[in-house]
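Welcome! Here is a short briefing on how two protein chains sit together, for anyone meeting them for the first time.

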There are 2 protein chains.
Amino acid sequence: MGRMKASEIRELLKLLKQHDIISFAGGIPDPDLFPKAEFAAAFADIFSSGHGTDALQYSVSEGYQPLRNWIATQMADLGIPCDVDNILITPGSQQAPDYLEKLLLSKDDTALVNWPTYLGAFNAYKPHFDQISANSNRPASEYQAMASERGGAPKFAYMSVDFANPTGETMDRRARLSALDLATEMDIAIIEDAAYQSLRCDGEAIPPILALEIERTGSIEDCRSIYCGSFSKTLAPGLRVGWVCAAKSVIQPLVLMKKAADLHSSTINQIAIHKVAETGFAAQTAKIRTAYAARRDHMLAALKMHMPDGVTWTKPEGGMFIRVTLPAHLDGADLLAKFLEIQKVAFVPGLAFSLMDRTVTHCASAFLA
Amino acid sequence: MGRMKASEIRELLKLLKQHDIISFAGGIPDPDLFPKAEFAAAFADIFSSGHGTDALQYSVSEGYQPLRNWIATQMADLGIPCDVDNILITPGSQQAPDYLEKLLLSKDDTALVNWPTYLGAFNAYKPHFDQISANSNRPASEYQAMASERGGAPKFAYMSVDFANPTGETMDRRARLSALDLATEMDIAIIEDAAYQSLRCDGEAIPPILALEIERTGSIEDCRSIYCGSFSKTLAPGLRVGWVCAAKSVIQPLVLMKKAADLHSSTINQIAIHKVAETGFAAQTAKIRTAYAARRDHMLAALKMHMPDGVTWTKPEGGMFIRVTLPAHLDGADLLAKFLEIQKVAFVPGLAFSLMDRTVTHCASAFLA
């Protein structure tokens, strides 16, 4: 798969420590935009208001109830009416997919994904992948036949539908409904990694897949879809707080897995996130959207000015990623090696996202370090 | 397995919220002993000293380097000379056993344990269990034959060797060496859950199993044993910070699993734990040991005064647990139901720890709520 394959994503976070590298690699939020004063006040308030003891103690695996209530209200605003028992607090949006893989995948089973896709949650347990082609009317039987040839079955679809990592592309309503049709026919869940959902800069918001399924079934309890949210791209990733929202029949086994794995997410961080979210989430996400939109526009203008013929790129409506496609004679991994040495600039070569084929794609986060 | 089996441990943490229940259930530290002022100062200092940005940002999966260095020094003091790459930061001592189960266990494999034992890390993936009898000279071939009958093999031993949950018992040096002989002969790892290791009140400290193995092999890199530590019982559980210490060949796959599962443990909490540990760990553990010793002695005196003939109990040298054994005609689960209703006192009936047999044992944490 190319000489840099195994280590490239793994080593990316380490690159950030080299202050002479300008990194467009990875979905790393701009730390200058963190609500630092708000978090400083939240942590101080936890101790000064007499909640220090509770914040330092064990807590229930489901998560801090006031935070789960706040999230449930947010989910309702996205077209997902639910209650507190439909929410499990996780460290970021990645724990739930990791658990669901372990719960659902046997050896030789297949996961359906958009391609290229973020593979972070699949590093430890590598299923077979098949590309979900929501717009091509490929019938369920073909996915099943392909998975069967590999000795298993399609067990779930995993997709980021808004400004996905690494393409920056958004699935439109028709594509989401088509994916939902397919999943329904195959009786599998769609796991929506919604880490970037709050980062829409322009265009009209499209309901999450779970919201579209609720439109059909009438209740979250009758839905297979699973929504994985995160505060990592909005408030701060270092606290490791995200959530999963799904039918109670899905949440309950995940709670058991969490009890066995890490008991619960950090109590104090859940309380701090709740304090900051309750008073400042709307203002913080507005601030980020404005800043990221300006950087995206700057990057798109720079690409237009500097890229030679034969290079194309996506134009995301939000999030952090632009996918640059090179002409066939250029190799992204080779370019990265040169860029790191000479220009001191980092990006992720498409190879890192391409277990299935050798399509050379480049992905750049849309903001400057 | 008795009517309360499935839910009893699961629901224990929730009981703590009922302020009229005096709970001797679970390894819950006394929150009045938390170093609250020290943590308040640590969090305040993170923000005021200009480290707020780093503390809120993503960090590497291996963990915060200054904390790993501090832990490596502590491990050396326990007879485990190692360097920073032998340490992975986890949320408490339970994540590493959970990962190792997934890494090592196939369907129908067997885990060797002392019995009764804490089963928290085994809630999601239930292997077969066999009781390791370190003092009885049962040969490796017998464990292997038993596991083979169940369709698998013994894949690791999991044990808490100091004041174990729920027995309060400590394995002596001879028993540890005997377990190590057995594991060596079977070519399996011993996973030592050392959550209570720092809570010795009296008696002489016995080296961890990994230290005993290093005495034999000369280097941690030539050892199979895995040491799982935690700050949950010493500094505070709500921050979810612990560690695993092992050969680099063991740490590396765990790092990959952590990247896939939760990326890394909370950055800000690792920094806060490091600040508090660096200046206050010795004083804090001394304070806890003194307080818990007094409560243990109080509990032992109360048992001696009030328990009828036919009831026996363990006399732990530290930690949080006393195991009370009832005469055959009494059932711990029935007693718990009555005690919760009438005396408003909670403990864990032995049934919760007894998947293998119906031995009725009671466990009580050695301090008063």
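To compare the copies, they are superposed by least squares on the C-alpha atoms of residues with pLDDT of at least 70 in both. Please keep in mind that this is a predicted model. Laid on chain B in this way, chain A fits with an RMSD of 0.0 Å, after a turn of 180 degrees and a shift of 0.0 Å along the axis. The two copies are therefore related as by a two-fold rotation axis.

**Who takes part**
- Both copies use the same surface, as 100% of the contact residues of chain A recur in chain B.
- Chain A brings 53 residues to the contact, and chain B brings 53 residues too.

**Buried area**
- About 4,600 Å² is buried between chain A and chain B, and carbon and sulfur atoms give 64% of this area.
- Three residues, L56(A), Y58(A) and R240(A), supply 15% of what chain A buries against chain B, more than any other three residues.

**Polar contacts and salt bridges**
- Between chain A and chain B, 25 residue pairs are in polar contact, counting pairs with both residues at pLDDT 80 or more.
- The rule for salt bridges, in contrast, finds zero across the interface of chain A and chain B.

**What the touching side of chain A is made of**
- Helices that each supply at least two residues to this side of chain A are α1 (5-15), α2 (36-48), α3 (52-56), α5 (95-104), α9 (248-261) and α10 (267-306).
- Sorted by class, the side of chain A that touches chain B holds 27 nonpolar, 16 polar and 10 charged residues.

Conventions: Residues are numbered from 1 along each chain as its sequence is written. Chains are lettered from A and ligands numbered from 1 in the order in which they are written. This is a predicted model: local features need pLDDT of at least 70, side-chain atom pairs count only at pLDDT 80 or more; totals for chains, interfaces and linings use all residues. Side-chain values use heavy atoms; hydrogens and water are left out. Contact means heavy atoms within 4.5 Å. Buried area is the accessible area (1.4 Å probe) that two parts lose on being put together, summed over both. A salt bridge is a side-chain nitrogen of Lys or Arg within 4 Å of a carboxyl oxygen of Asp or Glu. A polar contact is a pair of N or O atoms within 3.5 Å; within protein, one must be able to donate a hydrogen and the other to accept it, and residues adjacent in sequence count only if both atoms are side-chain atoms. Helices (H or I, at least four residues) and strands (E, at least two) are DSSP runs, numbered from the N terminus. Ala, Val, Leu, Ile, Met, Phe, Trp, Tyr, Cys and Pro count as nonpolar, Asp, Glu, Lys and Arg as charged, and the others, Gly among them, as polar.
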